Structure formats: structure tokens, C-alpha cells
Amino acid sequence: MAEPMPDLPETTLDAPLLPDGLARIATQGTPCPTPVFRQSHLHRLADRWTHLLFLACTLLVVLLIGGILYFLAARGAGAFFPLAGNTDKVVTFREVFLSTNWDPGDGHFGIVPFIAGTLAVTGLALLVAAPTGVLTGVFIAKVAPPWMRNVMRQVMDLLVGIPSVVYGIFGLTIILPMVGHAWLADAPAAGFAVSAAILAVMIVPTVVSLSTDAFESLPSSLDEGSQALGSTRWQAIWRVLIPAARPRLLTATVLGLGRAIGEAMAVQMVIGNNPQWMLLMRQATDQTPVLRFLFTPAATLTTELVQELPNTASGSTWNNVLFAMGLLLYLMTMLLILATRRLGRQEHA
Amino acid sequence: MLSPQTPETKPVKLSVRNLDFRYGEKKVLDGLSMDIHAERVTAIIGPSGCGKSTFLKCFNRIHEVSSAVQVSGQMAMDGVDIYRGGIDQVDLRRRVGMVFQKPNPFPKSIYENVAFGPRLFGVRDRATLDGLVEDALRKSALWDEVKDRLKESATGMSGGQQQRLCIARALAVNPEVLLMDEPCSALDPIATAKIEDLIGELKENLTIVIVTHNMQQAARVSDYTAFFWLGKLIEMDLTERIFTTPRERMTEDYITGRFG
């Protein structure tokens, strides 16, 4: 058994790290005395206070997010349960989530058309944007010469920052008339096709930017390893690089999807804002089903909120159902973010 | 190992004449000439930055993947200049395999890593692939360790196993030459010993060129040793002679640790 270690001499917390005596010994015989390095009390105090400041900021953000969720949930619940603020009758979950009939004036609050609209427009946009974005990412990271890589990266970063209403104006004034003129015998072209196209243009830069990062972060040893076995450059890209980057490419796509789902302005300007689009599609018989689906004026959760929320009275069923829609959007986006997180974790594992 | 008493019986596989290599303005290799014999292990030693890795990469032209380089002089495999116009780089790289400094398994299963090469060349039949994978893994002395977990990810293996997997991956396309660029520099001594044993077995029917920082390793595994300094070939001879009676003073100084 080793002997127990002796106790350390007692020191006070404020004692300087370098005792005065030691400092003096060290300076003996030298013309310039060695300074004793010590943080001032002010700095230590500031350290403690900044800690509190950071904590307060974090709490504020958490409170805000939680507050929004609570607000949406409280108002949305009013649609289904008789709450204090209600001025109107309540509706059942069935009437809201399973009905395609949206006619608030007549007491019908089916939001299926908006959910379907959101899914359709984001799905279509992603169908275009995901492959385009990923392949552009490959091109920028692995194929383009250095000067072009720099230009493309900067262009993509700029495009990410363009406000969505600008895309909306572009769609409204240029794309809609053009499409209507070219394919639809001057019939209005508003609907999923043009909305999805605008949305795709909006999210492609995000997907490109993130997939470029994904490909650039791959070690060049993978590329070399593949080509050293006799693969062509394209085989290396298809068989090694894209599979290796897959988790990050999925994250890029999901983040693009997140941006698409929440987009209201640009879509609202070109989608036609017709809550009864499902009914209209069933009735119309003049075009093929695909064309009818692509060019029937429609609506999504976001566009309907933008369109109708300002016109409804607080506490009315109409108003409450719109809040429920907002809550639904919030939860969908949350789910997407969680999915992104999970994908990111898988990548690191 | 080949000794000075036994005459060389193997033909020349690779021959290099007056090879110059430039990255832009910088001359990395300067007037190199050497012959490399089939089924022998040729080690290339020299201090960092002497161009030995660059030289190795000339044999499969892999440096052309990432940068623009200028090569002049001749480099021939079986008498055919591999820098001649009309040479298919993809075919060249199939015949001249490479193992890199750091193990670089693809983030796929062990099986898929080895099957990658054969698949590139259109092998689809499952039984054929299984056979090729097993054969390559046996040759790289990895089969017994991984035969029950072929479907597991290759990135979960130890560094030494990963490097042997990379050797198996290179062997699966049946190359004639195997280039090894400091294959043990990232490995512990036990894993290194395994790779060195492997090199001894593989040279039965492969031409091996190995770049190494480790002079003991060169002495242990190679039949020939070439000493590079500042992009020039100072001396090349039988390994035994290089390490006992080198002709050049500089070689002696380097292998005895007086510089480098």
C-alpha cells in the first residue's frame, strides 16, 4: 500500500497563481521585473454576467418559439372545442381533416384541398429541384474548372438570398402569360405547374449550395481510389461519390423541402387561389387528367392563410380553423427539421 | 529476396527513360531512367519531397485526375509507351493497380468494396462476383477475418484491415502491376507486419513498386531499391547491395541516417 498523499496547503481562491515570492526570485538579477499575470476583477465579473446574458437570450428564443406554438394551438383548438374566446359553433375533426369541401360561408371547413395542394406543389417542385440541384452540385464541385466553380458558388449564394416575392412577380408577369399563351390557347395557366416551377427555381440554389458542400467535403481519396481501379470519371461520380454523399444530399433536399412547404408569397401569386380546386377538377372534362391537375387554379395551406386570415373575425369558426391550419404547417415543418437532424446524425455515425 | 549471386531471370515489366515531370513551373522529376522487373518488389526510398510518390503515380497516370501535369520522356509497360496518344487510361489503371497512403475504402459494405472493380467491367453474375470477392480477400489474407461479415460497412474495420481491403479491391480486377504509396504509414506495427508478409506472397505473380519512408521496410520486403533525392534517381540496385555496399556516398549517408 502506498502512503496516503499529504494534504495540499490551504489557499484562498483569490491567491494569485504565481506567488509573489516566486515572482521575485525569478526576477532577481534581471533589470526588467517579470509581471505577475492576473485577470482583473472586472473581467471576472464580466465573465459571470455574460454567462447570464447568453442564458437570457437563449431563454428568450425558446420562449418565443414555445409561445408561438402555444398561441397557434390555443386558437386552433377553438375550432374543435368550445373555448372562452369562441364566438361561433365548433366543428369536428372529421369535418375539417377528412372533407374536401371548403365553403366557410356555408359552414363547410374541409381543409383536405389545402393539405393536398401543399403536398402536390412541394412534391412537384422537389421532383424538379432535387435532381437538378444535386447534379449541379456534382458539376460545380467535381467537374467545373476552378474559375467557373467560384462564379457558380457565388451566383448560387446570391440566388438563395433573393426575396420570394421577386420570384412571384417574375412568375406572375412573365411565366403565367407565356405558358397560357403557348400551351393553353390563352386560358389562365395558374395552378400547380407554374407554382411548382417557381418554387423549384426558388429552392434549387439551396439544394445546389448544400450538395456542392457535400461533394467538396468528400475526401479526394474516394475519387482517386475509384479511378485507380479503372473507373471513368462518371462511374466514380455515380458509383462512389453520390452514394458516399447521400446522407448530406438527403439533408440538402429536406432543407429545400422545408423552404418550399413554408413558402406563401410566390406561390400565392401564381397558383390561382381556388379552395374548391378538387371539385373543379372532378367537374372539368375538357382536358386530359394530367393537364387538368397541372393547370387547375388551386390553393395550399400557406396561400389560403395569406388570402383569408385578414378577412375573418377573431373567435369565429373560420378564423379558428385557419389557426388550426397554421398549427398543422408548424408541425409539418418541425417534423422536417427533426428528420434533417436525424439524417445528419446518421451521417456522423 | 534476390541476392547478388543469383542472376535476374525475370523480364523487365516497366521501363522508364529520361522521365521529366512538371507541375506548372516546378520540375518534380528530372531525367529518371530505370527498369523494373516483373514479379519483383521494387522499393523507392528518399527524403520527403524527393518526388517518389509523384514518380509512382506516373505509372497509372492517376495524378491526371486532379491536376494538369506535364510529363516528358518515356515510360513503358511491356514495351508499350503508356504516355503515347491512344493509350486508354481506364484500361491502363485496370492493369496497374494502386494502394494509397491512407486506407480509402468506399463507404460501402466489405463485399461491395471488393466487387466494385469487377462490376465496373460489367461482371453481374452473382456467383462469379462471389468467387472473385472471395479470391481477392483470400489473396489479401483477409478472408478468415471478414467472411462472416461481408455485408458490414468497410469503414467500421480497423486501419490495417481497411488497408488489406484496399489491396483486395485492387487485386479483384486482376492487375499486372501493384503500386503501393507508403501503404503502412498510417498503420501500427502489427498491421504493418501483416502487409509486409502479404507483399512477399503477392509478388509471386505481380510486379510491385512500393514507396516507403521506412528503410527497414524497404530492406525487408524489396528485391530492388531505388534512392531518390530532389527528383533525381541517385542509385538503384539490388536491395542487398544498396543496404550493404552502396556505390554512392549520398545513398550511404541516407540509409545510415546522416541526412533525410
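The following exchange walks through a predicted model with chains A and B, from the make-up of chain A to a strand of chain B.

Trainee: How many helices and strands does chain A have?
Mentor: Since the model is predicted, what we say here describes computed features. Of the 349 residues of chain A, 33% count as buried, and residues 24 or more positions apart account for 73% of its contacts with a separation of 6 or more. As for its secondary structure, chain A has 14 helices and two strands.

Trainee: Into which domains is chain A divided, and how many Å separate their centres?
Mentor: The assignment gives domain 1 of chain A as 44-109 + 312-349, and domain 2 of chain A as 111-311. Taken over C-alpha atoms, the distance between the centres of these two domains is 26 Å.

Trainee: Which helix gives the largest share of the side of domain 1 of chain A that touches domain 2 of chain A?
Mentor: The contact joins 24 residues of domain 1 of chain A to 24 residues of domain 2 of chain A. On the domain 1 side, helix H3 (93-97) and helix H14 (317-348) of chain A each supply at least two residues, and that side divides into 15 nonpolar, eight polar and one charged residue. The largest share of it, 16 residues, comes from H14(A).

Trainee: Which residues touch the most other members of the largest nonpolar core, and which helix gives the most to this core?
Mentor: In soluble globular proteins, nonpolar side chains tend to be buried together. Here the largest nonpolar core holds 140 residues, among which Ala125(A) and Leu199(A) touch the most other members. This core draws at least three residues from each of domain 1 and domain 2 of chain A, while the helix that gives the most to it, with 16 residues, is helix H7 (residues 192-216) of chain A.

Trainee: Which residues does Ala125(A) touch, not counting those up to four places away in sequence?
Mentor: Contact is judged between C-beta atoms within 7 Å. With residues up to four places away in sequence left out, the residues that Ala125(A) touches are Ala196(A), Leu199(A), Ala200(A), Ile203(A) and Ala260(A).

Trainee: Which helix gives the largest share of the side of chain B that touches chain A?
Mentor: The contact takes 21 residues from chain B and 16 residues from chain A. By class, the chain B side has eleven nonpolar, four polar and six charged residues, and helix H2 (89-95), helix H3 (110-120) and helix H6 (159-171) of chain B each supply at least two residues to it. The largest share, four residues, comes from H2(B).

Trainee: Is strand E7 of chain B mostly covered or uncovered?
Mentor: Val177(B), Leu179(B) and Asp181(B) point one way from E7(B), whereas Leu178(B) and Met180(B) point the other way, and all are buried. With five of its five residues buried, strand E7 (residues 177-181) of chain B is mostly covered.

Trainee: Which strands pair with E7(B), and what unit do E7(B), helix H7 of chain B and E8(B) make?
Mentor: Strand E6 (residues 96-99) of chain B pairs with E7(B) in the parallel sense over four bridges, and Val96(B) stands opposite Val177(B). Five bridges join E7(B) to strand E8 (residues 207-211) of chain B, also in parallel, and there Asp181(B) stands opposite Val211(B). The pairing strands are therefore E6(B) and E8(B), given that pairing requires at least two bridges. Together with helix H7 (residues 189-202) of chain B, E7(B) and E8(B) make a right-handed β-α-β unit.

How values were computed
Residues numbered from 1 in each chain as written. Chains lettered and ligands numbered in written order. Predicted model: local features only at pLDDT ≥ 70, side-chain atom pairs only at ≥ 80, totals over all residues. Buried ≥ 20, exposed ≤ 12 C-beta atoms within 10 Å, placed from the backbone. Right-handed = clockwise from strand over helix to strand, strands pointing away. Core = buried A, V, L, I, M, F, W, Y, C linked by C-beta atoms within 7 Å. Domains from an automatic or database assignment. Contact = placed C-beta atoms within 7 Å. Nonpolar A, V, L, I, M, F, W, Y, C, P; charged D, E, K, R; others polar.
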